[in-house]
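Here are my notes on the model you sent over, as numbered points. Have the coordinates open while you read.

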Amino acid sequence: MTVLSNRPTARPTTRPSSRPLRTASSLRAPGLDWLLMLAALALVTLGTLLVWSATSTRADLTGGDPNAYLRKQLVNVAIGLVLMVAVLATDHRWVRILAPLAYLASVGGLVMVLVAGSTINGSRSWIQLGGMSIQPAEFAKLAVVIGMALVVAERTERRWGRGVRSVEVVAMLAIAGVPAALILLQPDLGTMLVLSATVFGVLAVAGAGRLWLAGLTFGAVGGAVAAVSMGVLKPYQVDRFLAFTNPGLDPRGAGYNTEQARIAVGNGGLFGQGLFDGSQTRSGFVPEQHTDFIFTVAGEELGLVGAGVLILLVTVLIWRALAISAQAGDLFGRVAAAGIACWWGFQAFQNIGMCLGIMPVTGVPLPFVSYGGSSLFAGMLALGLLQNIHLRSAGPVRR
C-alpha cells in the first residue's frame, strides 16, 4: 500500500554556476579596445618613419649618422609602451588614489623648469636629464585632466543630479589654474592654448552650467586682447600671429615657417613624392620638421592620400576615447576619457592647422607622431588610462 505524503515535492536544485558573480569592479569587456590600440600603434609606427625621413639627411642634427633619430625614437617608443602597460595593469582604485601624486609631480616639474630649465626657441620649457630632455608641460596636460576628473567625481558621485555646482567648477578651475600659471611664465603659448581647450571640454562634459562656459569663453578672449595690448607677449610671439594672418608680411622671418610648410605639403600632390624622397624634406627647408612640422613630411612624401590616412587615424583615436567616455561606469572615468579626447583633438587640430596655414605657429607636437619623449610618454600614459577605464567600466552590479 502506498502512503501519500502531504509534504510538497522537492524541486530539483540547479547546480550553481562555476562563474564568479559579476560586481562593479569586475572587467566589463573581454579584452582591450583593439581599434584604439591599433590606431595608436599605427600612428606611432608612421610617426617613427616620418621622423627618420625628416632627419636622415640632416647632418646638422644627426652628426652624420642618418639613423641617430630613428634609434632615439625607438627607445622613446619602448619606454612609452612600458608606461602604457603599467597604467593599463593598475587597479582602477589605485589610479584614483595616485592621481593627486601625479598632479603634484607635474606641478613640481613645472616649478623646476622655471628654476633650472633650459631655454629653447624662446621658451624655458625643458629639463635636461643626462642625454634626455623632459618637457613637464606635456605631462601637465594629463595631470590636469585626471585632477579635474577626480575633483568632480569625489564631490558629486554621492549626490543626486548630473550637473556640478559652482563650488565644484571653482575647484576644477583651481586645479587647472596652477599649472596654467606656471606654463604662462615659461612662456609656452602653444601648450596654454591646448590646456585651455582641454579644460573647457572637461568642464562641459562634467556638466558645468552654460553661464560658466560662456563666461570662461569671454574671459579668455578678453585676456588675449589684454595680453596683446599691454605688451605681455614677446615680440616674436606677436610676429607669429601677424604672420598667420599674412604669411607674406615677413617671408624670411616670422612667416618663413608657414610659407615653407605650405610649399612642402603642396609638393606632395595626390600620392606624394615617396617616403625619404621629399625634396623640401631632404633639403631641410622646413624648420623643426621632425617635431612641430612633422605633418609636412607626411603631406610631401605620402601626398593627400597618406596625410588623409594619418588624419583618419587621429580621428579614430578621438572617436574611441569619446566612446570609452560614454560607456564608463563611473564619473571619474567618463570625465577623464572625455578630457583626453579634447586634449588629443585640439592639439592635433592645432598642429596640422599650423602646417596648413589655418592656425598660428605655436610649437605643439602632433600626438603619437612627432619626435620627442615627453609628448609620446604623456600620450602613452593617457592611452593606458583609456584602456584601464574601458576594461573596468562597470557592468550590471549585484545588489
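1. Let's start with Arg165. This is a predicted model, and in it Arg165 comes out at 43% relative accessibility, so it counts as partly exposed. Its side chain meets that of Glu168 in a salt bridge, 3.2 Å from N to O. Glu168 sits on the other side of the cut-off: its relative accessible area is 0%, so it is buried. Separately, Arg96, Glu154 and Asp330 are joined into one network by salt bridges that share partners.

2. How many salt bridges does a search of the whole structure find? The count is seven. Another one worth a click is Lys141 with Glu138, where the closest N and O atoms are 3.1 Å apart. Both residues belong to helix H5 (residues 136-156) and are three residues apart, about one turn of the helix. That spacing fits the usual geometry: an α-helix has 3.6 residues a turn, so residues three or four places apart point the same way. Lys141 and Glu138 are both buried, so keep in mind that the label here stands for under 20% relative accessible area.

3. Asp65 and Arg71 make a further salt bridge, with an N to O distance of 2.2 Å. You may want to look at that number yourself. Asp65 is in the loop between helix H2 (59-62) and helix H3 (68-89). Its relative accessible area is 24%, so Asp65 is partly exposed, and Arg71, at 45%, is partly exposed too. Along the chain Asp65 is 10 residues from Thr55, and their C-alpha atoms are 9.4 Å apart.

4. Now helix H6. What should its 19 residues (166-184) span at 1.5 Å a residue? The expected value is 27 Å, and the end C-alpha atoms are 25 Å apart, which agrees. There is a kink, though: about 30° at Gly177, shortly before the proline Pro179. Pro179 is one of the buried residues of H6, along with Glu168, Val169, Met172, Ile175, Ala176, Ala180, Leu182 and Ile183.

5. Helix H13 (residues 331-356) is the next one to check. Its 26 residues reach 37 Å from first C-alpha to last, close to the 38 Å expected at 1.5 Å a residue. H13 is mostly covered, with 21 of the 26 residues buried. After it comes Gly357, which has a positive phi near 85°.

6. Ile352, within H13, shows how that cover is built. With a relative accessible area of 11%, Ile352 is buried. Beyond its neighbours within four places in sequence, Ile352 contacts Phe295, Ile311 and Leu366. Ile294 is 58 residues away from Ile352 in sequence, yet the two C-alpha atoms are 8.9 Å apart.

7. On to the core. Which residues of the largest nonpolar core touch the most other members? Out of 95 residues, they are Met148, Leu310, Ile340, Trp344, Phe368, Leu383 and Leu385. Take Leu383: outside its neighbours within four places, it is in contact with Leu36, Met37, Ala40, Met84, Trp344 and Phe368.

8. Phe368 deserves its own point. It lies in the loop between H13 and helix H14 (373-391), and at 4% relative accessibility it counts as buried. Its phi is near 70°, a positive value in a residue other than glycine. For background, most residues other than glycine have a negative phi.

9. Glu288 has a positive phi as well, near 50°. This residue is in the loop between helix H11 (279-283) and helix H12 (294-327). At 34% relative accessibility, Glu288 is classed as partly exposed.

10. Finally, the overall numbers. The protein has 14 helices and three strands, and 48% of its 399 residues are buried. Of the contacts with a separation of 6 or more, 74% are between residues 24 or more positions apart. The accessible surface is about 19,700 Å², and carbon and sulfur atoms account for 65% of that.

Key. Residues are numbered from 1 along each chain as its sequence is written. This is a predicted model: local features need pLDDT of at least 70, side-chain atom pairs count only at pLDDT 80 or more; totals for chains, interfaces and linings use all residues. Side-chain values use heavy atoms; hydrogens and water are left out. Helices (H or I, at least four residues) and strands (E, at least two) are DSSP runs, numbered from the N terminus. The expected span of a helix is 1.5 Å times one less than its number of residues. The bend at a residue is the angle between axes fitted to the seven residues ending there and the seven starting there. Buried means under 20% relative accessible area, exposed over 50%, partly exposed in between (1.4 Å probe, protein chains only). A salt bridge is a side-chain nitrogen of Lys or Arg within 4 Å of a carboxyl oxygen of Asp or Glu. Contact means heavy atoms within 4.5 Å. A nonpolar core is a set of buried Ala, Val, Leu, Ile, Met, Phe, Trp, Tyr and Cys residues joined through side-chain atoms within 4.5 Å. Accessible areas come from the Shrake-Rupley method with a 1.4 Å probe; for residues, only the protein chains shown count as cover.
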